[in-house]
Amino acid sequence: GVHLAAMMQTGKLHGPWLDTTLTHLLVSNRIAQHAMQDIPVHACTDVTGFGLLGHLHEICQQSHVAMAIDTDSIPLLPGTLSLIEKGVSSTLNEANRNVLMHCDTQQVAEPLLTLLCDPQTAGGLLFSIPEAALAQALVQLREAGVNASEIGKVLVKNNESSRDIVLH
(Lines give C-alpha, C1' and ligand atoms only; values in the text may rest on other atoms or scores of the structure.)
Protein backbone atom coordinates (compact mmCIF):
# COMPACT_ATOMS: atom_id res chain seq x y z
CA GLY A 1 0.00 0.00 0.00
CA VAL A 2 2.68 2.51 0.98
CA HIS A 3 4.62 1.79 -2.22
CA LEU A 4 1.59 2.38 -4.41
CA ALA A 5 0.81 5.56 -2.45
CA ALA A 6 4.40 6.71 -3.03
CA MET A 7 4.11 5.90 -6.73
CA MET A 8 1.17 8.30 -6.93
CA GLN A 9 3.22 11.01 -5.19
CA THR A 10 5.80 11.96 -7.83
CA GLY A 11 9.40 11.53 -6.79
CA LYS A 12 8.82 9.50 -3.64
CA LEU A 13 9.30 6.01 -5.09
CA HIS A 14 12.79 5.23 -6.38
CA GLY A 15 13.33 3.17 -9.56
CA PRO A 16 14.69 -0.02 -7.94
CA TRP A 17 12.01 0.10 -5.21
CA LEU A 18 9.31 0.46 -7.86
CA ASP A 19 10.78 -2.42 -9.89
CA THR A 20 10.80 -4.68 -6.82
CA THR A 21 7.22 -3.70 -5.95
CA LEU A 22 5.93 -4.38 -9.44
CA THR A 23 7.80 -7.69 -9.62
CA HIS A 24 6.25 -8.70 -6.28
CA LEU A 25 2.76 -7.77 -7.47
CA LEU A 26 3.11 -10.15 -10.42
CA VAL A 27 3.84 -13.23 -8.27
CA SER A 28 0.82 -15.48 -7.82
CA ASN A 29 -0.08 -16.78 -4.36
CA ARG A 30 -0.93 -20.02 -6.13
CA ILE A 31 2.77 -20.93 -5.97
CA ALA A 32 2.75 -20.82 -2.14
CA GLN A 33 -0.63 -22.56 -1.98
CA HIS A 34 0.66 -25.40 -4.16
CA ALA A 35 3.89 -25.72 -2.11
CA MET A 36 1.82 -26.09 1.09
CA GLN A 37 -0.56 -28.79 -0.20
CA ASP A 38 0.83 -31.59 1.97
CA ILE A 39 1.43 -29.42 5.08
CA PRO A 40 -1.26 -29.37 7.79
CA VAL A 41 -2.64 -25.83 7.84
CA HIS A 42 -4.78 -24.55 10.73
CA ALA A 43 -5.54 -21.18 9.12
CA CYS A 44 -4.60 -19.33 5.95
CA THR A 45 -5.44 -15.92 4.57
CA ASP A 46 -4.13 -13.66 1.88
CA VAL A 47 -2.86 -10.43 3.39
CA THR A 48 -4.82 -7.66 1.68
CA GLY A 49 -6.64 -4.46 2.55
CA PHE A 50 -6.76 -4.95 6.34
CA GLY A 51 -2.96 -5.11 6.59
CA LEU A 52 -1.01 -7.82 8.41
CA LEU A 53 -2.33 -6.92 11.88
CA GLY A 54 -5.93 -6.87 10.68
CA HIS A 55 -5.62 -10.36 9.25
CA LEU A 56 -3.78 -11.67 12.33
CA HIS A 57 -6.53 -10.23 14.54
CA GLU A 58 -9.22 -11.97 12.46
CA ILE A 59 -7.43 -15.31 12.86
CA CYS A 60 -7.12 -14.73 16.62
CA GLN A 61 -10.81 -13.87 16.93
CA GLN A 62 -12.03 -16.82 14.85
CA SER A 63 -9.67 -19.33 16.47
CA HIS A 64 -9.83 -18.02 20.07
CA VAL A 65 -6.05 -17.73 20.30
CA ALA A 66 -3.47 -14.99 20.76
CA MET A 67 -0.26 -14.46 18.80
CA ALA A 68 3.25 -13.28 19.56
CA ILE A 69 4.81 -11.63 16.51
CA ASP A 70 8.54 -11.03 16.00
CA THR A 71 8.46 -7.78 14.05
CA ASP A 72 12.11 -8.20 13.00
CA SER A 73 11.14 -11.35 11.05
CA ILE A 74 8.48 -9.71 8.88
CA PRO A 75 9.76 -9.45 5.29
CA LEU A 76 9.58 -5.92 3.85
CA LEU A 77 9.90 -4.54 0.37
CA PRO A 78 12.99 -2.33 0.04
CA GLY A 79 12.40 1.27 1.06
CA THR A 80 9.13 0.67 2.87
CA LEU A 81 10.15 2.03 6.27
CA SER A 82 12.03 4.90 4.62
CA LEU A 83 8.87 5.93 2.76
CA ILE A 84 6.79 5.74 5.95
CA GLU A 85 9.37 7.82 7.82
CA LYS A 86 8.99 10.45 5.05
CA GLY A 87 5.25 10.60 5.74
CA VAL A 88 3.95 8.35 2.95
CA SER A 89 0.98 6.18 3.88
CA SER A 90 -2.02 4.66 2.20
CA THR A 91 -5.43 6.26 2.57
CA LEU A 92 -6.74 3.09 4.28
CA ASN A 93 -3.97 3.03 6.88
CA GLU A 94 -5.78 5.22 9.40
CA ALA A 95 -8.90 3.02 9.38
CA ASN A 96 -6.74 -0.10 9.70
CA ARG A 97 -5.09 1.31 12.84
CA ASN A 98 -8.25 0.48 14.82
CA VAL A 99 -6.78 -3.01 15.21
CA LEU A 100 -4.03 -1.56 17.43
CA MET A 101 -6.45 -1.53 20.38
CA HIS A 102 -6.21 -5.34 20.28
CA CYS A 103 -2.39 -5.36 20.24
CA ASP A 104 0.35 -4.92 22.80
CA THR A 105 2.52 -2.41 20.92
CA GLN A 106 4.68 -1.04 23.75
CA GLN A 107 7.99 -2.12 22.21
CA VAL A 108 7.25 -1.16 18.59
CA ALA A 109 8.25 2.09 16.89
CA GLU A 110 5.55 4.17 15.21
CA PRO A 111 6.81 3.64 11.61
CA LEU A 112 6.60 -0.12 12.10
CA LEU A 113 3.04 0.15 13.45
CA THR A 114 2.11 2.10 10.33
CA LEU A 115 3.67 -0.65 8.22
CA LEU A 116 1.81 -3.41 10.08
CA CYS A 117 -1.51 -1.64 9.40
CA ASP A 118 -0.64 -0.90 5.77
CA PRO A 119 -3.22 -2.33 3.34
CA GLN A 120 -1.64 -4.71 0.87
CA THR A 121 -2.19 -5.49 -2.76
CA ALA A 122 -1.00 -9.05 -3.41
CA GLY A 123 0.50 -9.15 0.08
CA GLY A 124 1.18 -12.86 0.11
CA LEU A 125 -0.29 -15.68 2.15
CA LEU A 126 -0.26 -15.99 5.93
CA PHE A 127 -0.31 -19.58 7.18
CA SER A 128 -0.82 -20.88 10.69
CA ILE A 129 0.70 -24.36 10.90
CA PRO A 130 1.80 -26.76 13.64
CA GLU A 131 5.32 -26.07 14.87
CA ALA A 132 6.31 -29.63 13.94
CA ALA A 133 5.57 -28.83 10.27
CA LEU A 134 7.46 -25.51 10.21
CA ALA A 135 10.85 -26.71 8.93
CA GLN A 136 9.31 -28.75 6.10
CA ALA A 137 6.96 -25.91 5.14
CA LEU A 138 9.85 -23.43 4.91
CA VAL A 139 11.88 -25.86 2.78
CA GLN A 140 8.98 -26.49 0.40
CA LEU A 141 8.10 -22.81 0.09
CA ARG A 142 11.70 -21.76 -0.53
CA GLU A 143 12.23 -24.57 -3.07
CA ALA A 144 9.17 -23.19 -4.89
CA GLY A 145 10.81 -19.75 -4.96
CA VAL A 146 8.59 -18.21 -2.27
CA ASN A 147 10.15 -15.73 0.17
CA ALA A 148 8.90 -17.43 3.35
CA SER A 149 9.49 -16.45 6.97
CA GLU A 150 8.35 -17.55 10.39
CA ILE A 151 6.98 -14.36 11.94
CA GLY A 152 5.51 -15.55 15.21
CA LYS A 153 3.83 -18.09 17.42
CA VAL A 154 0.25 -18.91 18.29
CA LEU A 155 -0.46 -18.71 22.02
CA VAL A 156 -3.23 -19.88 24.31
CA LYS A 157 -5.50 -16.88 24.74
CA ASN A 158 -5.50 -15.29 28.18
CA ASN A 159 -9.18 -14.56 28.82
CA GLU A 160 -8.26 -11.73 31.18
CA SER A 161 -6.66 -9.69 28.40
CA SER A 162 -8.29 -8.00 25.44
CA ARG A 163 -4.96 -8.10 23.59
CA ASP A 164 -4.86 -10.68 20.80
CA ILE A 165 -1.44 -9.82 19.44
CA VAL A 166 1.82 -9.14 21.25
CA LEU A 167 4.45 -7.42 19.09
CA HIS A 168 8.11 -7.49 19.96
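Which residues does His 42 touch, not counting residues up to four places away in sequence?

**View 1. Surroundings of His 42 in the predicted model.** His 42, which is found in the loop between α3 (30-35) and β1 (43-46), touches Ser 128, Ile 129 and Pro 130 when residues up to four places away in sequence are not counted. With a relative accessibility of 62%, His 42 counts as exposed, because the cut-off for that class is over 50%. The C-alpha atoms of His 42 and Phe 127 are 7.6 Å apart in space, although the two residues are 85 residues apart in sequence.

**View 2. Ser 128 and its contacts in the predicted model.** Ser 128 is found in strand β4, which covers residues 125-128, and at 12% relative accessibility it counts as buried, since that class lies under 20%. Leaving aside neighbours within four places in sequence, Ser 128 is in contact with Val 41, His 42, Ala 43 and Val 154.

**View 3. The open sheet of 4 strands, with helix α4, in the predicted model.** The strands follow the order β3-β6-β2-β5, and their pairing is mixed. Because β3 (103-104) and β5 (152-156) stand at the edges with a single partner strand each, one side of each is left without a neighbour in the sheet. Helix α4 (residues 51-63) packs on this sheet, where it touches β2, β3 and β6 (165-167), and its direction makes about 150° with that of β2.

**View 4. Pairing of β2 with β5 in the predicted model.** Strand β2 (residues 65-69) pairs with β5 in the antiparallel sense, over 5 bridges, and Leu 155 in β5 is the bridge partner of Ala 66.

Notes: Residues numbered from 1 in each chain as written. Predicted model: local features only at pLDDT ≥ 70, side-chain atom pairs only at ≥ 80, totals over all residues. Heavy atoms only, no water. Pairing = 2+ DSSP bridges. Helix = DSSP H or I, 4+ residues; strand = E, 2+ residues; numbered from the N terminus. Contact = heavy atoms within 4.5 Å. Axes fitted to C-alpha atoms, helices over the stretch in contact; angles between N-to-C directions. Buried < 20%, exposed > 50% of the residue type's maximum accessible area, 1.4 Å probe, protein only.
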